[in-house]
Amino acid sequence: MPAVIDEYFYHELWFTRNEQKVVDYPKEKELKRRQKVEEAKLNGQIYECCCCFDDECLFEELASCPEGHLFCKTCVIRSTESAFGEMKVVFPCLAGGCDQNISLNTLQTILPSNLFSKIIRRIQEEEVQKANIPDLVTCPFCPFATIMPNPEDKVLKCLNPECLKESCRLCQEPNHIPLRCNEVEKKAETDMRTYIENQISEAVMRKCHRCGKKFIKEAGCNKMTCICGATSCYACKAKDIDYDHFRGPQCANTNPEAIHQKDIQETIVKAKAQYIKDHPEAANLELKKDFNEMIKKPKKPKRRSRYK
């Protein structure tokens with residue numbers, strides 16, 4: 001025997017030796033249940049779920065409210081999951097007209113352990129909030145709460161093993177010391193800024209209309225020829241052009257930085273307007289990043305071009 005047993009190997013070995021039993025277990029379990037159902041029918045001990053009206057329920061498969069209304073475990077689990085998803089911690093009887101609730105003791109015997117733990121945690125959280133405890137601070141990322149009497153303590157260190165995050169007790173954002181709260185970019189601001197930045201990147205990058213290859217010009221004329229043979233104008237993005245396209249003044253500027261700055265300036269306005277249209281709640285957001293800093297005086301162009 002080795003000094004240290006490989007747990008993974010041990011489980012694989014156990015499964016290999018008992019694979020047929022594992023496969024047969026669900027079938028045997030269902031067969032035994034059918035036998036119990038048939039016996040219960042003969043003895044008049046079969047029950048009906050008051051919710052889904054399944055009339056082949058065994059007594060041990062049922063749960064009840066204090067008034068005695070019986071429900072199958074499947075219905076209780078589904079209704080509890082639905083109510084919990086709606087932020088409720090009280091689970092009423094599923095029978096119409098009954099004003100009783102299904103008790104936590106009953107739910108504990110039916111629900112998956114992880115769901116029941118979440119319900120208990122939420123109940124505790126609500127009870128703590130209702131208690132109006134002075135200097136109580138709650139983690140913005142989980143239900144963990146603690147008392148912080150010292151107003152100089154700005155950072156909440158969550159002790160929940162599943163969280164362990166540090167947050168600002170004032171603005172509920174992740175710990176941002178040494179920055180002040182008004183210097184920190186909020187999530188809504190980050191989302192808007194990221195959207196605009198992505199749009200700017202797409203606007204500056206050129207894409208071949210034939211093969212889809214992306215490229216950026218660093219120098220040279222505006223007639224771009226892709227490795228697939230397709231031509232386009234770098235300034236106005238016109239497709240399949242020749243040098244006759246440049247006889248007018250509209251695409252005469254070959255300085256790539258000047259072209260990019262023009263693209264950036266137009267994209268900032270369009271992207272911000274589109275984001276606000278898609279997210280009306282962001283209409284009054286003031287971004288901490290000044291996109292105008294991206295619009296600088298063009299430098300002299302280099303002498304080569306590069307495809308990406």
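Select S232 first and show its surroundings: leaving aside residues up to four places away in sequence, S232 touches H209, F215, N222, K223, M224, A238, K239 and I241. What you have open is a predicted model, and every stop on this tour should be read with that in mind. S232 itself sits in strand β10, which covers residues 231-233, and S232 is buried, with a relative accessible area of 13%.

Next, go to C57, which you will find in the loop between α1 and β1. At 2% relative accessibility, C57 counts as buried, and when residues up to four places away in sequence are not counted, C57 touches R33, I46, Y47, C49, L62 and C72. One of these partners, I46, is worth selecting together with C57, for the two are eleven residues apart along the chain while their C-alpha atoms are separated by 6.0 Å.

Stay in that loop, between α1 (7-43) and β1 (62-64), and select F53. Although F53 is not a glycine, its phi is positive, at about 65 degrees. Most residues other than glycine have a negative phi. Is F53 buried or exposed? With a relative accessibility of 54%, F53 counts as exposed.

A second residue with this backbone feature is N132, which is not a glycine either and has a positive phi of about 55 degrees. To find N132, look in the loop between α4 and β3, the latter being residues 136-138. N132 is exposed, its relative accessible area being 63%.

From there, colour two helices, α2 (residues 73-85) and α4 (residues 113-130), which pack at an angle of about 40 degrees with their axes 11 Å apart. That angle makes α2 oblique to α4, and α2 passes α4 in a left-handed crossing. Which residues make the contact? On the side of α2 they are T80, E81 and F84, and on the side of α4 they are L115, K118, I119 and R122. If you colour the residues of this contact by character, they divide into three nonpolar, one polar and three charged.

Now select the cysteines and look for bonds between their sulfur atoms. How many disulfides does a search of the whole structure find? The search finds zero. Take C50 as one example: C50 is in no disulfide, and the nearest cysteine sulfur, which belongs to C49, is 6.5 Å away. C50 is partly exposed, with a relative accessible area of 32%.

C142 makes a second example, since the nearest cysteine sulfur, that of C158, is 3.4 Å away, whereas a disulfide needs a pair of cysteine sulfur atoms within 2.5 Å. C142 is therefore in no disulfide. In contrast to the partly exposed C50, C142 is buried, with a relative accessible area of 13%.

For the last stop, select I177 and P178 and display the backbone between them, where a cis peptide bond joins the two residues, with omega at about 15 degrees. Most peptide bonds are trans. P178 has its place in the loop between β6 (166-168) and α5 (187-204), so labelling β6 and α5 will help you to find P178 in the viewer.

Terms used. Residues numbered from 1 in each chain as written. Predicted model: local features only at pLDDT ≥ 70, side-chain atom pairs only at ≥ 80, totals over all residues. Heavy atoms only, no water. Buried < 20%, exposed > 50% of the residue type's maximum accessible area, 1.4 Å probe, protein only. Axes fitted to C-alpha atoms, helices over the stretch in contact; angles between N-to-C directions. Helix = DSSP H or I, 4+ residues; strand = E, 2+ residues; numbered from the N terminus. Parallel < 35°, antiparallel > 145°, perpendicular 65-115°, else oblique. Left-handed = near helix turned anticlockwise from the far one by under 90°. Contact = heavy atoms within 4.5 Å. Nonpolar A, V, L, I, M, F, W, Y, C, P; charged D, E, K, R; others polar.
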